[in-house]
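User: Please take a close look at the metal site in this model. I would also like to see how the rest of the chain is laid out around that topic.

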Amino acid sequence: MTKEFTAAAILAALFMLQGCSQKREISGNEAGGNEPAPPAHVVEIRAVGMTFEGPSEIPSGWTTFKFVNASSMIHFALIDVPPDGITTELFTNTVGQYFQEAMDGMNAGDEAAVNAAFAKFPAWIGDLGRHGGPGLLSPGRTGETTVYMTPGHYFVECYVKSNGIFHTTSPGEGKLGMMLDLTVTEQQNNAPEPVANATLAIRNSGIEIVAGELKPGVNTIRVDFVEQQALPSFVGNDVHLMRVESDDSIGLADGWLDWRTKEGLEDPSPVVFLGGLNDMPAGSHGYFTVDLQPGDYAFIAEMPNPEAAGFVLRFTVATKS
Ligand SMILES: [Cu+2]
């Protein structure tokens with residue numbers, strides 16, 4: 001059971017890797033008009049329909065991913081670190097495909113089909129790493145998430161579902177779902193590390209604010225992954241920011257954040273998400289920036305029943321006095 005769950009967790013991770021993608025280089029020439037070109041450390045990734053658009057190559061260093069959700073669906077942009085030689089195509093045709101088969105089996109209540117799908121996962125799935133990336137972001141919004149990128153090969157993926165189909169799943173022969181290949185070069189962007197006004201610590205027991213405070217206006221939030229874990233559902237610790245607009249907001253989000261259920265991670269989401277930071281290894285840290293109007297919010301994790309696991313942290317942003 002434990003072994004199966006571990007394998008499943010690994011698979012889940014792989015799932016995330018598959019994603020959409022149209023590759024293009026973002027250059028100053030595309031800024032148009034009199035707008036200055038964005039600095040090299042700001043990398044725009046756009047969600048357009050069920051594809052990602054973004055550069056295929058970026059310099060290394062502290063990198064701010066400006067995640068523009070230009071679609072009508074909720075998405076995230078998880079950065080995966082694939083083992084050597086694993087391409088987005090291979091990932092799509094193996095792990096992505098098998099996750100979808102497992103999901104189809106779950107929806108049909110066919111346990112044998114689920115087990116058969118998980119049994120197909122390649123051994124390299126256990127070597128798949130995660131490196132943060134922008135958290136859940138509702139349609140029409142822009143999020144900013146900053147992580148330190150070392151040279152290498154990465155994938156960006158979104159495994160939200162539409163009509164029971166993971167966004168990472170190939171929409172047809174030879175096509176990628178929400179998956180983007182990203183190569184980080186040896187060239188340095190020389191960007192400074194962001195300065196945060198609040199710091200969150202994530203442990204396997206939950207999320208807490210360990211320094212600073214949230215304020216009205218623009219907040220840069222540092223997230224320290226003190227601990228990381230591989231849950232039976234194949235996901236780990238992360239943090240997303242949601243609006244709390246009614247008494248049932250937390251409960252609705254809590255039920256939605258388990259991808260294994262029919263309604264889980266299915267677009268549209270029952271609450272508004274404002275971004276966050278996806279899974280990173282223990283001992284690492286990243287940042288996300290969000291403009292907060294006065295109101296009620298919660299940090300929450302994408303895992304089964306985050307509230308019971310300690311991964312819901314409510315807070316209120318008061319009106320400026
Ligand atoms: Cu998506």
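Analyst: The copper site comes first, followed by some backbone details, one histidine, one helix and the chain totals.

The model is predicted, so local features are reported only at pLDDT of at least 70 and side-chain atom pairs only at pLDDT 80 or more, while totals for chains, interfaces and linings use all residues. Residues are numbered from 1 along each chain as its sequence is written, and side-chain values use heavy atoms, with hydrogens and water left out.

The copper ion has four protein donors: His75 through ND1, Cys158 through SG, His167 through ND1 and Met178 through SD, at 2.0 to 2.6 Å. Donors here are N, O and S atoms within 2.8 Å of the metal (3.2 Å for Na, K and Ca); water is not among the atoms, so a site may look incomplete. In sequence the donor residues follow the spacing H-x82-C-x8-H-x10-M. Cys158 and Met178 are 20 residues apart and link distant parts of the chain: Cys158 sits in the loop between β8 (152-157) and β9 (161-162), Met178 in the loop between β10 (165-166) and β11 (179-188). Helices (H or I, at least four residues) and strands (E, at least two) are DSSP runs, numbered from the N terminus.

The angles between the four donor atoms run from 80 to 128 degrees, which makes the arrangement irregular. Four donors count as tetrahedral if all angles lie between 85 and 135 degrees; four count as square planar and six as octahedral if opposite donors are over 155 degrees apart and all others between 65 and 115; anything else is irregular.

Cys158 is buried because its relative accessibility is 0%, and Met178 is buried, also at 0%. Buried means under 20% relative accessible area, exposed over 50% and partly exposed in between, with a 1.4 Å probe and protein chains only.

The loop between β9 and β10 holds Asn163. Asn163 has a phi near 55 degrees, positive although the residue is not glycine, and at 73% relative accessibility it counts as exposed. Phe234, in the loop between β14 (217-225) and β15, also has a positive phi, about 75 degrees, but Phe234 is buried at 4% relative accessibility. Most residues other than glycine have a negative phi, and most peptide bonds are trans. The bond from Asp267 to Pro268 is cis, with omega near 0 degrees; Pro268 is in the loop between α4 and β16.

His240 belongs to strand β15 and is buried, with a relative accessible area of 0%. A polar atom of the His240 side chain is 2.9 Å from the backbone nitrogen of Leu136. Leaving out residues up to four places away in sequence, His240 touches residues including Gly135, Leu136, Phe273, Phe299 and Glu302; contact means heavy atoms within 4.5 Å.

Strand β15 (239-243) is also among the elements that cover the buried residues of α4, together with β16 (273-277), β18 (295-300) and β19 (312-317). Those buried residues of α4 (residues 249-256) are Ser249, Ile250, Ala253, Asp254 and Trp256. They span an arc of only 165 degrees around the axis, which places them on the same side of α4; the arc is that of the directions from the helix axis to the C-beta atoms.

Overall, the protein chain has four helices and 19 strands. Of its 321 residues, 54% count as buried. Among contacts between residues at least 6 apart in sequence, 77% join residues at least 24 apart.

Terms used. Polar contact = N/O pair within 3.5 Å; in protein donor to acceptor, adjacent residues only side chain to side chain.
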